[in-house]
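Please open the model in your viewer and keep the sequence panel beside it, since this tour moves from one selection to the next. At each stop, select what is named and then read on.

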Amino acid sequence: MSDVPAVKAALKSQAVETPSWAYGNSGTRFKVFAQPGVPRSPQEKLDDAAQVHTFTGVAPTVALHIPWDTVEDYGALAKYAEERGLKLGAINSNVFQDDDYKLGSVTHPDPAVRRKALDHLLECVDIMDATGSRDLKLWFSDGTNYPGQDDIAARQDRLAEALSAVYERLGEEQRMLLEYKFFEPAFYTTDVPDWGTAYAHCLKLGPKAQVCVDTGHHAPGTNIEFIVALLLREKKLGAFDFNSRFYADDDLMVGAADPFQLFRIMYEVVRGGGLSSGVGFMLDQCHNIEPKIPAIIRSVMNVQEATAKALLVDRDALAAAQRGGDVLGANAVLMDAYNTDVRPLLAEVREELGIDPDPMGAYRDSGWAERIVTERVGGQQAGWGA
């Protein structure tokens, strides 16, 4: 049996980072659906993030996206976050929205465009210095749509050159997280299409470069927990972007359609020491038809529930079954943990943290949703692409 006090301690120490863009307006590829009361500034995004942390107790950091969260004084923004019990987390770069990036950013055939993209990435490191952020998250939409459009190998050379320049700029305590995505918006070749490509570049760069696994960026049937286990084994798993792939790639609440997959992933994290090795657990979601703050609270709770079940796996019994070749017995050990109702355990954890055991109900009763609808009238809503 698992040590319940140790399980509780692990759950209390886990931190889930929320993304600033999840609090603003967003949409599908076809339509942005506006909601009343969404933030009009990075500061109001932090106000909402503070509510999530208040009611979950485990969401103390907020990731920024540049230029969506551009401000004149990032030190002041960090102080604003601190005053609300938060810290600024990963800085996410954006080299996919300018017209210049139609044919790519750091892999573009034009050196002037590559220079522009690199300058933005270096600017993001400057912002990290000002905010005290540890992680720079890099995702590239770069790729091609037609055979012969560009030299596939040369694009990898250009990518490596840019990554090397950014790596050299990083401070001693800073990291580069390289995200991959197997399709969209480039459909013939994608320059960072899979974990192997990301891993190869990070391995060559050094210990400050690690892979970010976005749980939505995989083909149907992909065994994500295998990828997680291997990257943990190689000490190259830097972070997760948690979501669900049923929007074709991501944006739905993590664990929404396949909570068993999330449990399997979190078991490999627990088994591989990922809870204590600096792996980042960030949500990367845009809530389009559901209320934003409740969806983020529920997402944090989904991560907690999967983690709790993973911590409850009887690893001694599992190892014994595995050594004995007891296939069904080993599977039963995992299923026993997965089928455990961990909600009472998590309610106890929250009470011990001094927060309401029912985060969703507590938020609903707080009146925050009604308050922001009343107060946030006028101005420009800070939504996707702002």
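Begin by selecting Glu184, which lies in the loop between E8 and E9. Keep in mind throughout that this is a predicted model. Is Glu184 buried or exposed? Glu184 counts as buried, because its relative accessibility is 17% and the cut-off for buried is under 20%. Look at the backbone here as well: Glu184 has a positive phi of about 75 degrees, although Glu184 is not a glycine. Now add Pro185 to the selection, which belongs to the loop between E8 and strand E9 (189–190). The peptide bond that leads from Glu184 to Pro185 is cis, and its omega is near 5 degrees.

For a second cis bond, select Ile66 and Pro67, which are joined by a cis peptide bond with an omega of about 20 degrees. Pro67 is found in the loop between E4 and helix H3 (74–83).

For a second positive phi, go to Lys235, which is not a glycine either and has a phi of about 60 degrees. You will find Lys235 in the loop between helix H7 (224–233) and E11. Lys235 counts as exposed because its relative accessible area is 67%, and exposed means over 50%.

Next, switch to a cartoon view and select the strands of the sheet. How many strands does this open sheet have, and in what order do they come? There are eight, in the order E1-E4-E5-E6-E8-E10-E11-E12, with parallel pairing. At the edges are strand E1 (18–19) and strand E12 (280–283), each of which pairs on one side only.

Within this sheet, select strand E4 (residues 61–65) together with E5; these run parallel and are joined by four bridges. To see one partnership, pick Thr61, whose bridge partner in E5 is Lys87. Then move on to E5 and E6, which pair in the parallel sense over two bridges, and where Ile91 has Leu136 of E6 as its bridge partner. If you add H4 to the selection, you can follow a right-handed β-α-β unit made by E5, H4 and E6.

Stay with strand E6 (residues 135–138) and show its side chains. Both faces of E6 are covered, with Asp135 and Lys137 buried on one side, and Leu136 and Leu138 buried on the other. E6 also runs parallel to strand E8 (residues 175–179), with four bridges joining the two, and Leu138 stands opposite Leu178 in E8.

Now select helix H5 (residues 152–169), which lies across E6, E8 and strand E10 (209–214) and runs at about 155 degrees to E8. Compare helix H8 (residues 259–271), which packs on the sheet and touches strand E11 (237–242) and E12, its direction making about 160 degrees with that of E11.

Finish at His108, in the loop between strand E5 (87–92) and helix H4 (111–131). Why does His108 count as buried? The reason is its relative accessibility of 8%, since buried means under 20%. Show the side chain of His108, and you can trace how it reaches the backbone nitrogen of Asp110 at 2.9 Å. Leaving aside neighbours within four places in sequence, His108 is in contact with Asp100, Leu103, Val113, Arg114, Asp142 and Arg158, so selecting these residues will show you its surroundings.

Technical notes. Residues numbered from 1 in each chain as written. Predicted model: local features only at pLDDT ≥ 70, side-chain atom pairs only at ≥ 80, totals over all residues. Heavy atoms only, no water. Buried < 20%, exposed > 50% of the residue type's maximum accessible area, 1.4 Å probe, protein only. Polar contact = N/O pair within 3.5 Å; in protein donor to acceptor, adjacent residues only side chain to side chain. Contact = heavy atoms within 4.5 Å. Pairing = 2+ DSSP bridges. Right-handed = clockwise from strand over helix to strand, strands pointing away. Axes fitted to C-alpha atoms, helices over the stretch in contact; angles between N-to-C directions.
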